[in-house]
Amino acid sequence: MKLTKTIALTGVALALAATSCKTTEATMNTTAAKISTGAEHYTFELNENVTRTKVTFRNHFGIELAGDLYAPKNAAATGNAAIAICGPFGAVKEQSSGFYANEMASRGYIALAFDPSFTGESGGEPRYMNSPDINTEDFMAAVDYLSTRSNIDPEKIGIIGICGWGGMALNTAAIDTRIKATVASTMYDMSRVAANGYFDSANSADARNEARKALMAQRIEDYKAVEQGGTYKLGGGVVDPLPADAPYFVKDYYDYYKTPRGYHERSLNSNGGWNVTAGTSLLNTKLLAYSDEIRNAVMVLHGEKAHSRYFGEDAFKRLTGDNKELVIVPGASHTDLYDGGDKNYIPFDRLAEFFGKYLK
């Protein structure tokens, strides 16, 4: 199997539109029929010392966002530090972001895991779209929400972005001075992978022009379909069944999104994926343009064996100031930092220490 085709089927990266628009029509995969889930299905157990409350809030585009607010049962009535969390790209709050929120709440933080616009339980039409601008605003809206809670100190707010939302988190930190500390975990720069392909393998004007032509052709087909009562074409989530010759990181995605470990019925990556044309804005936007101007603290967290490690290391090189740190987790792959993998790879105590230092 050609690498570009496999990537197109992962759904986790919007390179599915940019590197090769030769995606398959989404099939409701065989996995969904094998895993019993329900409306309140979470991929992890709630910590006994933590409460979880459903909340909603609106961003500046008027889209209602859905979140889960995690809080320590012994939280103080006022003055608490809080963290907004989102990702991975194409996941939902019942997966990795909720897992992080649960862990951070068990360490004393109020944590908001939320679904971004157009996905999960959040609003926005059409479904399964994204926008660097709107999704950055989603993070800012989460900060708005946390800043106005009576039990939270608005001067003690941080964010965590996972996978593609790691790049979104850095983009948000570059504009939102209210954010005192940012963690980008196992990050993708989605604009880079959309424009250049994986490992920058399609980084040329000719390759991008071919991607643009394919996207524009698909827009016409989508327009016709919607006029006739249909929907936009989906790119496909993580490939299912898994080809024997799939790259190791696609196998890692399958192990998370397509098994009881991480499957969720609302997750794009677990099911039909993004719209094929969803990567259009990312292809034309550079998320990290002002990341060198981030003045508040940043931790870039990556696995030693992650295929995506180059995104994090290159993003870290752009950061300035003595309050920035790069943490490489020995032995960890990309998806090991979604839920800890089989060896609890995520250094949550290190994250708690980092936020404790800067959210005070």
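# Exercises on a predicted model

E3 and E4 form a parallel pair that spans four bridges. The model used in these exercises is a predicted one.

## Exercise 1. Strand E3 and its partners

Task: Determine with which strands E3 pairs, in which sense, and over how many bridges.

Solution.

Step 1. Take E4. The pairing of E3 with E4 is parallel and has four bridges. Within this pair, Ile-83 has Ala-111 of E4 as its bridge partner.

Step 2. Take E5, residues 152-162. E3 pairs with E5 in the parallel sense as well, over six bridges. Here Ala-82 has Ile-157 of E5 as its bridge partner.

Step 3. Turn to the side chains of E3. In a regular strand, side chains alternate between the two faces of the sheet. Asn-80, Ala-82, Ala-84 and Cys-86 point one way from E3, while Ala-81, Ile-83 and Ile-85 point the other way.

Step 4. Check burial on each side. The residues in both groups are all buried, and the count for E3 is seven of seven.

## Exercise 2. The hairpin of E1 and E2

Task: Describe how E1 pairs with E2, and state which residue between the strands takes a positive phi.

Solution.

Step 1. E1 covers residues 50-58 and E2 covers residues 64-72; they pair in the antiparallel sense over nine bridges.

Step 2. For one position in the pairing, Phe-57 stands opposite Leu-65 in E2.

Step 3. Five residues lie between the two strands of the hairpin, and Gly-62 has a positive phi near 85 degrees.

## Exercise 3. Backbone exceptions

Task: Locate two cis peptide bonds and two non-glycine residues with positive phi, and say whether those two residues are buried or exposed.

Solution.

Step 1. Set the reference. Most residues other than glycine have a negative phi, and most peptide bonds are trans.

Step 2. Take the peptide bonds. The bond joining Gly-87 and Pro-88 is cis, with omega about -5 degrees. Pro-88 sits in the loop between strand E3 (80-86) and helix H4 (96-106). A cis bond also runs from Asp-240 to Pro-241, where omega is near 10 degrees. Pro-241 is in the loop between helix H8 (205-227) and helix H9 (248-257).

Step 3. Take phi. Phe-118 is not a glycine, yet its phi is positive at about 75 degrees. Phe-118 belongs to the loop between strand E4 (110-114) and helix H5 (132-147). Asn-344 also has a positive phi, near 50 degrees, and lies in the loop between helix H12 (336-339) and helix H13 (348-358).

Step 4. Apply the accessibility cut-offs, under 20% for buried and over 50% for exposed. Phe-118 has 7% relative accessibility, so it counts as buried. Asn-344 has a relative accessible area of 65%, so it is exposed.

## Exercise 4. Asn-196 and the largest pocket

Task: Characterise the surroundings of Asn-196, then place Asn-196 with respect to the largest pocket.

Solution.

Step 1. Asn-196 is in helix H7, residues 190-196. Its relative accessible area is 13%, therefore Asn-196 is buried.

Step 2. List the side-chain polar contacts. The side chain of Asn-196 reaches that of Asp-200 at 3.2 Å and that of Arg-208 at 3.0 Å.

Step 3. Leave out residues up to four places away in sequence. Asn-196 then touches Ser-201, Ala-202, Asn-203 and Arg-208.

Step 4. Look for empty space. Rolling a probe the size of a water molecule over the atoms shows where it is left. The largest pocket holds about 340 Å³. It is lined by 18 residues, and the closest to its centre are Asp-189, Ser-191, Arg-192, Asn-196 and Lys-286. H7 and helix H11 (309-318) are the elements that give two or more residues to this lining.

## Exercise 5. The enclosed space and the whole chain

Task: State how many cavities of 30 Å³ or more are counted, then summarise the chain.

Solution.

Step 1. The count is one cavity. The largest cavity has a volume of about 30 Å³, and its lining includes Phe-89, Pro-116, Ser-117, Trp-165 and Trp-274.

Step 2. The chain has 13 helices and eight strands. Of its 360 residues, 59% are buried.

Step 3. Consider contacts between residues at least 6 apart in sequence: 76% of them join residues at least 24 apart.

Step 4. The accessible surface of the chain is about 14400 Å², with 49% belonging to carbon and sulfur atoms.

How values were computed: Residues are numbered from 1 along each chain as its sequence is written. This is a predicted model: local features need pLDDT of at least 70, side-chain atom pairs count only at pLDDT 80 or more; totals for chains, interfaces and linings use all residues. Side-chain values use heavy atoms; hydrogens and water are left out. Buried means under 20% relative accessible area, exposed over 50%, partly exposed in between (1.4 Å probe, protein chains only). A polar contact is a pair of N or O atoms within 3.5 Å; within protein, one must be able to donate a hydrogen and the other to accept it, and residues adjacent in sequence count only if both atoms are side-chain atoms. Contact means heavy atoms within 4.5 Å. Accessible areas come from the Shrake-Rupley method with a 1.4 Å probe; for residues, only the protein chains shown count as cover. Two strands pair if DSSP finds at least two bridges between them. On a 1 Å grid over the protein atoms alone, a cavity is a set of points where a 1.4 Å probe fits but cannot get out, and a pocket is an open set with protein on both sides within 12 Å along at least five of seven lines; lining residues have an atom within 4 Å of a point. Grid points are joined across faces, edges and corners, and a volume is the space filled by probe spheres set on the points.
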